Structure formats: structure tokens, C-alpha cells
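User: Please examine the structure shown below. I would like to work through it in questions and answers.

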Amino acid sequence: MAILEIQHATKRFGGFTAIDQVSLAVEAGSTHAIIGPNGAGKTTLFNLVSGLISPDEGSVRFQGIPLAKMKEHEIVQIGMARSFQKVNVFPRSSCAENVQVALIAHTALKYSPFRDASKLFRSEAEALLDLVNLQADADRRAGELAYGKQKQLELAVALAAEPKMLLLDEPTAGMSIAETKSSIKLIKEIVQKKGLTLLFTEHDMEVVFGIATTISMLHHGKIITTGAPDDVRNNEEVKRIYLGKN
Ligand SMILES: Nc1ncnc2c1ncn2[C@@H]1O[C@H](COP(=O)(O)OP(=O)(O)OP(=O)(O)O)[C@@H](O)[C@H]1O
Ligand SMILES: [Mg+2]
């Protein structure tokens, strides 16, 4: 069953078509990679799916619900969380506070609580930090963390919304080889533990073929092919456009 369905989505920036009649189904429980060269439209596609921008044509449905009139936070509320290509944490706040704010935002939408914010969800935040291996960094400022750890923190922040589906835009970009390895292991574990559907973009083909159950190739805003890793690896057009260059 598809948890996410994109139908004939088109997005233009002025006269430039960044996403061109894209149709894509993401199966529930799958780990689905979107690959493609720089400027292929991967981030734009993620922005469409997470409600940051709206398509000029076509539709996006998440769990059968059309996202057309929904705001970003409402989409998060129904179970979709994302991270950004650039790090996106509050650098002056502690790691625990970063996660607490996310927990409060998520819960406030449901219950509107009035409680002491500094203690609010502290233990829940610690549990999430534990999950992303940041238990020892709870009281450190997020801005002081190494890059790889900031990305782990982002993951904890995303998980605070109790998502069913996680969108990760280049989760290992800018990481060292060691950081990439441990980060992928962590993402894999969390996806399994929480039973999440994962949609991600990634330039590192080792990472893509290491974890994806399905791969779609995007080129000039169009889906070239979608399939199992072996099928995509052997697809002549994919080889020509992309894999041969790496
Ligand atoms: N807000 C915008 N206004 C104008 N053009 C844009 C805008 N956002 C993206 N584009 C253009 O759309 C195309 C697709 O960009 P996008 O960021 O989606 O690519 P990408 O596949 O994520 O690339 P990368 O691998 O470098 O992250 C690019 O040519 C980009 O310059
Ligand atoms: Mg991008």
C-alpha cells in the first residue's frame, strides 16, 4: 500500500520547470531513495511533499489525504517529518531544549498545556537523545556539536513529532566517512525500531544501495525510472546519466 502518492506534479520557478509531471508512489514501510545529479529537483520534490511549496499542477496525497490545502505543521501532525539539506537546529539552545521545543510544539497542537517549559518533556527529550546516541550531550549547546552530531540531533527533533514517514534530504552530506557509516547505521536502526517509511535523497551511491529497498532516479525534474536497487543499477539510462560519472 502506498503511504505517499504523487500524481503528475509539476513545479515551475518562473519559466523554469524544476519538477515535470512527476508521478511516484512510496510504499508503506519501504526505504525509498531519490537519486539524481545536482539540480535534478530532489530538494524541490521534498519541498512539495512536505508542504513547503505547492505544485503548480498535480497532487500529493499522504495516507490518502490530499495535502493541497494543508500547512506544513499540519502535515507534520498527520505523521510526516523531515530534515533539511542544511543543518537546522537552534545553536544556542541545549540539545535537550531543541528536542523539548519540538515535543512541546507537537503536543501543544493537541493539548495546549501550560506548564513549566524548562522541565516540560525533559525525560521524553532524553529518551529521544538516547535513541540518536546523544545522551551524553543533552546539556551541551547544539551549536557546539560536531556536524555529524548536529544531524543526529535533527533526527531526534524530527522524531519528536512521532512520524510515520521520515524525509531526509542528503542525511550524510558533509560528513566524514566514519560519520557517514555510523549515521546510516543509526538511521537504519531507528527506521526499523519505529517501523517508519523512509524517503531520502543521497549522492553517496554506497549509502543508497546499502539501505534503499526502492530507488527512483530524477533527471531534469522527471522520473527516469523507479525500481528495486538491482534494476536501477542495471538501467542503461541511469548508468549513462549518473552512475558512470561517479
Ligand atoms: N526557489 C527557487 N527559485 C528558482 N529556482 C529554483 C528554486 N529552487 C530550486 N530551483 C532550481 O530548481 C532546480 C532543482 O533544484 P533542487 O534544489 O531541487 O535540486 P537538487 O536535486 O536538490 O540538487 P542538489 O543535489 O544540488 O541538492 C535547480 O536548477 C535550482 O536552481
Ligand atoms: Mg538538494
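Analyst: A polar contact is a pair of N or O atoms within 3.5 Å. The model is predicted, and the distances discussed here are computed from it.

User: How far does a backbone N or O atom of G39 lie from an oxygen atom of ligand 1?

Analyst: G39 is among the residues that come nearest to ligand 1, together with N38, K42, T43 and T44. The pair in question joins a backbone N or O atom of G39 to an oxygen atom of ligand 1. With a limit of 3.5 Å for a polar contact, this pair qualifies at a distance of 2.9 Å.

User: Which residue places a polar side-chain atom 2.9 Å from an oxygen atom of ligand 1?

Analyst: A40 approaches an oxygen atom of ligand 1 through a polar backbone atom, at 3.2 Å. The side-chain approach at 2.9 Å belongs to H203.

User: What percentage of the accessible area that ligand 1 has on its own does the protein cover?

Analyst: On its own, ligand 1 has 640 Å² of accessible area. The part of this area covered by the protein is 60%.

User: Which element gives the largest share of the shell around ligand 1?

Analyst: Strand 2 (16-27) and helix 1 (42-49) each supply at least two residues of this shell. By class, the shell holds five nonpolar, seven polar and two charged residues. The largest share is three residues, and it comes from helix 1.

User: Is N47 of helix 1 buried or exposed?

Analyst: N47 is located in helix 1. Beyond its neighbours within four places in sequence, N47 is in contact with L52, I53 and R82. The cut-off for buried is under 20% relative accessible area. N47 has a relative accessible area of 14%, so this residue is buried.

User: Why does strand 3 count as largely enclosed by the rest of the structure?

Analyst: On one side of strand 3, T31, A33 and I35 are buried, and on the other side H32 and I34 are buried as well. Both faces are therefore covered, and strand 3 (residues 31-35) is largely enclosed because its buried residues number five of the five.

User: Which residue of strand 9 is the bridge partner of I35?

Analyst: Strand 3 pairs with strand 8 (residues 197-201) in the parallel sense over four bridges, and there the bridge partner of I34 is T201. Strand 9 (residues 214-219) also runs parallel to strand 3, joined by four bridges. In strand 9, the partner of I35 is M217.

User: What is the relative accessible area of K11?

Analyst: K11 is part of strand 1 (residues 2-13). Not counting residues up to four places away in sequence, K11 touches F16, T17, A18, I19, T44, L48, I53, S54, P55 and D56. K11 is buried, and its relative accessible area is 12%.

User: Which residue has a side chain joined to that of R122 by a polar contact of 3.0 Å?

Analyst: R122 lies in helix 4 (residues 122-131) and counts as partly exposed at 24% relative accessibility. Outside its neighbours within four places in sequence, R122 is in contact with A96, Q100, A138 and D139. R122 and A96 are 26 residues apart in sequence, with their C-alpha atoms 6.9 Å apart in space. The side-chain polar contact of 3.0 Å is made with D139.

Methods. Residues are numbered from 1 along each chain as its sequence is written. Chains are lettered from A and ligands numbered from 1 in the order in which they are written. This is a predicted model: local features need pLDDT of at least 70, side-chain atom pairs count only at pLDDT 80 or more; totals for chains, interfaces and linings use all residues. Side-chain values use heavy atoms; hydrogens and water are left out. Buried means under 20% relative accessible area, exposed over 50%, partly exposed in between (1.4 Å probe, protein chains only). Two strands pair if DSSP finds at least two bridges between them. A residue is near a molecule or strand if one of its heavy atoms lies within 4 Å of it. A polar contact is a pair of N or O atoms within 3.5 Å; within protein, one must be able to donate a hydrogen and the other to accept it, and residues adjacent in sequence count only if both atoms are side-chain atoms. Accessible areas come from the Shrake-Rupley method with a 1.4 Å probe; for residues, only the protein chains shown count as cover. Ala, Val, Leu, Ile, Met, Phe, Trp, Tyr, Cys and Pro count as nonpolar, Asp, Glu, Lys and Arg as charged, and the others, Gly among them, as polar. Contact means heavy atoms within 4.5 Å.
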